[in-house]
Amino acid sequence: MAKSSADDAELRRACATAVAASGARGEDVAFSIRVAKGRGIFEKLGRLAKPRVLALTVKQSSRGEANKAFLRVLKYSSGAVLEPAKLYKLKHLTKVEVISNDPSGCTFVLGFDNLRSQSVAPPQWTMRNIDDRNRLLFCILNMCKEILSYLPKVVGIDIVELALWAKENTLTIDNQVSTQDGQETSVATQTERKVTVTVENDLVSQAKEEEEDMEALLDTYVMGIGEADAFSERLKQELVALEAANVYQLLESEPLIEEVLQGLDAASATVDDMDEWLRIFNLKLRHMREDIASIESRNNGLEMQSVNNKALMEELDKLLERLRIPQEFAASLTGGSFEESRMLKNVEACEWLTGAIHSLEVPNLDPCYVNMRAVREKKAELEKLKTTFVRRASEFLRNYFSSLVDFMISDKSYFSQRGQLKRPDHADLRYKCRTYARLLQHLKSLDKSCLGPLRKAYCHSLNLLLRREAREFANELRASTKAPKNPAVWLEGSNGSGHNGSSADTSTVSDAYSKMLTIFIPLLVDESSFFAHFMCFEVPALVPAGSPNVNKSKSGGNDADDDLGLMDPDGNDLKPDSTSAELGTLNEALQELLDGIQEDFYAVVDWAYKIDPLRCISMHGITERYLSGQKADAAGFVRKLLDDLESRISIQFSRFIDEACHQIERNERNVRQTGILAYIPRFAVLASRMEQYIQGQSRDLIDKAYTKLVSTMFATLEKIAQSDPKTADIVLIENYAAFQNSLYDLANVVPTLAKFYHQASESYELACTRHISSLIYLQFERLFQFNRKVEELTYTIAAEEIPFQLGLSKTDLRRVLKSSLSGIDKSIAAMYRRLQKTLTSDELFPSLWDKCKKEFLDKYESFVQMVTRIYGNEPIMSVAEMKDILTSF
């Protein structure tokens, strides 16, 4: 019998190599064997089984966890090398089934519970003989028991026979080592018994299940489990009959077998002759191949030497070309002029210098050339040229910026003069600076640190020009604006029309502020944009679409900013990143560029506030509209300027509201104020004017002012009313009514005023209720006091006992009715006159008298119900009669 592949040490080492190559770490091959893979139905269709190797591996855990067992399927590659094909985890193995259709019993199926498609038949594995099959199955069962502590279901195999086979067979592993003389020596023979008592017991338990299956089989032969002899005799008879049939078929096919054997002998002789011829031809061909290989080796060496020499010469020529410095470029870099006519040559020299420096750096130059002496010397020479050129260009640009601005400042025609507002025009300045834009880009690529001093010099020079332009423009703007000289005064004094000078038209003030923003905000944004591009900041565009920058200069200078054409030294357009790290540096430079100009804007805001504080509302709306258009990150200082302006306007407006509140609070100091307070109608005029000035998104500013003013008005009104308790409700009624009448139209369109309108309405109703109740109780005190006493007693004693209480008898009731209801017309007339006398406004009397009659009638109806409930049919004036009497008034 041939040696089993399970004992093949070379196969096991090949399996271990393939497992390690797959990336698995810490896995040891415990068992390996060659098998044939098939799928049953495909073999019937004529497809051959595929050779495979099954390997059982164990992964040792280093963290105290349980070991893991795997079943690996390995296949042979085109080079006859094992490579991983499938990986199964033994913890998912649920069934081991021997195929019943295979008479040899060497074919079996392994069932796993985690297969993705259960509808596809699992592969069938075929062994060379029963011993190999038993070795593999018993090794699988043993590993499942030892590592996973469970046994899969075994189908189609006698468990008892498998257990007996395991006792009789042992697995011997011979480890062979190679000695120095090349011979293999058996080092150790290790025999391990693969059967343990636990596994045998489990197998026997499965045998019991098969015994039950055997009983079912005996039932088909109408036999019991105790009739084993009869069942064995019957099986022997069937086996003899089957063998007789097989011998008969063999005797019939004997002539055919003889003929086939003769043909095989003839073919064997022919194959031996051909094998001898092939050995002779192979020897001759081997000598020819050796001669050809020797010739080709020498020829390849000569060709390689020739190619290397040619390539070396080409590389040296290229290196020399890189190390050469053109004379015209060296002259431009070291001593050339920076005049406008010479800028093209200077830019070409910069481009060559940048390219030469980059060509001697590692990505563009082979690392083997970096340490060559010639390369090091040439790099030092180029660095010296770069330092000289950067120093000369930086000094020239600093002086150039200063001279340009000094020339413009010295010419008064550039600025606003008396009687003439002049829009700043920087078209010529930008045109002259644009001449050196490409030079700045190359300076950045050569030495980025040189841009810092250049940016500071440009910012300092242009800041002087911008501040001078803003100061002259603001001064002339205030001087040319016609505005009332006397400032408006609101909510102050006790007489007059309610305000002083507020009827004058002050729209020119807000127009002047709007003109200041219209002229300078686009200018500052343009200057920020030009500065960012001119000074090579990699930032996004500064003028967003849809911004209020619509009144740009029509001189043509601003439109030409788009022709700056910023590109890198290689000629590619720059695509700035919104998250550029230079954004912070740019904002610091813009702060230095535009710092100080905000003072002229503040002066315009303060001037407008002094003329008409309410114009802060329209200025706030104008500022918000401009602020909403400045979304670009690089225009940070312009947004900060607008934010500061908005804050200053809000502070000035808050200051006006505080002063108005103080004017309202001064009314509290006046003694015994009656009638409608002066600030009630004046606030209505003030609110109407404020609503006229609202622009843009300044609604929140106005709502806060309304809240503070009305809260102060109501608090002051309550304090004034409390100063005289006798007239407190009258003061509240008249003033809350005046507040509602004066703000009725505005409350319908302004939600904040509507809220206070409803608050005033509630306070008005409460004051009316208190005043009317006091009038009624003053005139009919005995009547309703008697009613209150009775109502209080109903909570403590029964209703039928109340007429027997002291002071609440029927006699007492008759006295109260006689004193209160006799001459009822005179009493109601007195109440009518008293209410009319307390009010200073005739417009409120009808509605208050109607409320008074309704309140009195409700109270009297309650009194009548109490008398009927407590005192029975005691005679009393009915509610209808009382209503008729009230109707006559």
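The surface of this chain comes to about 49,900 Å² of exposed area, and carbon and sulfur atoms supply 52% of that. Please keep in mind that the model is predicted. Of the 889 residues in the chain, 42% are buried. The fold is built with 28 helices and twelve strands. If we take the contacts between residues at least 6 apart in sequence, 70% of them join residues at least 24 apart.

Let me stay at the surface for a moment. Which residues form a nonpolar patch there? They are M274, W277, L278, I280 and F281, and together they have about 560 Å² of accessible area. Take I280 as an example. I280 belongs to helix α7, which covers residues 254-323. Its relative accessible area is 42%, so I280 is partly exposed. There is also a charged group to point out by number: D275, E276 and R279 are linked in a network of salt bridges.

Now the aromatic rings. The structure has 20 aromatic pairs. One of them is F714 with Y736: the ring centres are 5.4 Å apart and the planes stand at 70°, so this pair is edge-to-face. Where do the two residues sit? F714 is in helix α20, residues 699-722, and Y736 is in helix α21, residues 728-742, so the pair ties together parts 22 residues apart in sequence. Are F714 and Y736 buried or exposed? Both are buried.

F714 has another partner, F739. Here the centres are 5.1 Å apart and the planes are at 70°, so this pair is edge-to-face too. F739 lies in helix α21 and F714 in helix α20, so this contact ties together parts that are 25 residues apart in sequence. Why does F714 count as buried? Its relative accessibility is 6%, and the cut-off for buried is under 20%. For F739 the value is 0%, so F739 counts as buried as well. The wider group is one aromatic cluster made of F683, Y706, F714, Y736, F739 and F756.

Rings also appear beside charges in this model. The charged end of R648 sits over the ring of Y602, at 4.5 Å from its centre. R430 lies over the face of F530, and there the distance to the ring centre is 5.9 Å.

Next, salt bridges. How many are there by the rule used here? The count comes to 25. I will go through three of them.

The first on my list is E472 with R468, whose side chains meet with 3.4 Å from N to O. These two residues are four apart in helix α13, residues 451-480, so about one helical turn separates them. E472 is partly exposed, because its relative accessible area is 24%.

Next on the list is E691 with R699, a salt bridge at 2.7 Å from N to O. R699 has a relative accessible area of 28%, so R699 is partly exposed.

The last on the list is D729 with R770, where the closest N and O atoms are 3.1 Å apart. This pair links distant parts of the chain: D729 is in helix α21 and R770 in helix α23, residues 751-779, with their positions 41 residues apart in the numbering. Are the two ends buried or exposed? D729 is buried, with a relative accessible area of 16%, whereas R770 is partly exposed at 42%.

To finish, a short stretch at the end of helix α3. L148 is in that helix. At 24% relative accessibility, L148 counts as partly exposed. What does L148 touch, leaving aside its neighbours within four places in sequence? Its contacts are L90, K91 and M143. K68 is 80 residues away from L148 along the chain, and their C-alpha atoms are separated by 8.1 Å.

S149 is in the loop between α3, residues 130-148, and β8, residues 153-155. Its phi is near 65°, a positive value in a residue other than glycine. Most residues other than glycine have a negative phi. How exposed is S149? Its relative accessible area is 55%, and exposed means over 50%, so S149 counts as exposed.

Conventions:
Residues are numbered from 1 along each chain as its sequence is written. Side-chain values use heavy atoms; hydrogens and water are left out. Buried means under 20% relative accessible area, exposed over 50%, partly exposed in between (1.4 Å probe, protein chains only). Rings of Phe, Tyr and Trp (its six-membered ring) pair if their centres lie within 6.5 Å; planes under 30 degrees apart count as stacked, over 60 as edge-to-face and the rest as tilted. A charge sits over a ring if NZ of Lys or CZ of Arg is within 6 Å of the ring centre and within 35 degrees of the ring normal. Patches are made of residues with over 30% relative accessible area and no salt bridge: like charges are joined within 9 Å, nonpolar side chains (Val, Leu, Ile, Met, Phe, Trp, Tyr) within 5 Å. Accessible areas come from the Shrake-Rupley method with a 1.4 Å probe; for residues, only the protein chains shown count as cover. A salt bridge is a side-chain nitrogen of Lys or Arg within 4 Å of a carboxyl oxygen of Asp or Glu. Contact means heavy atoms within 4.5 Å.
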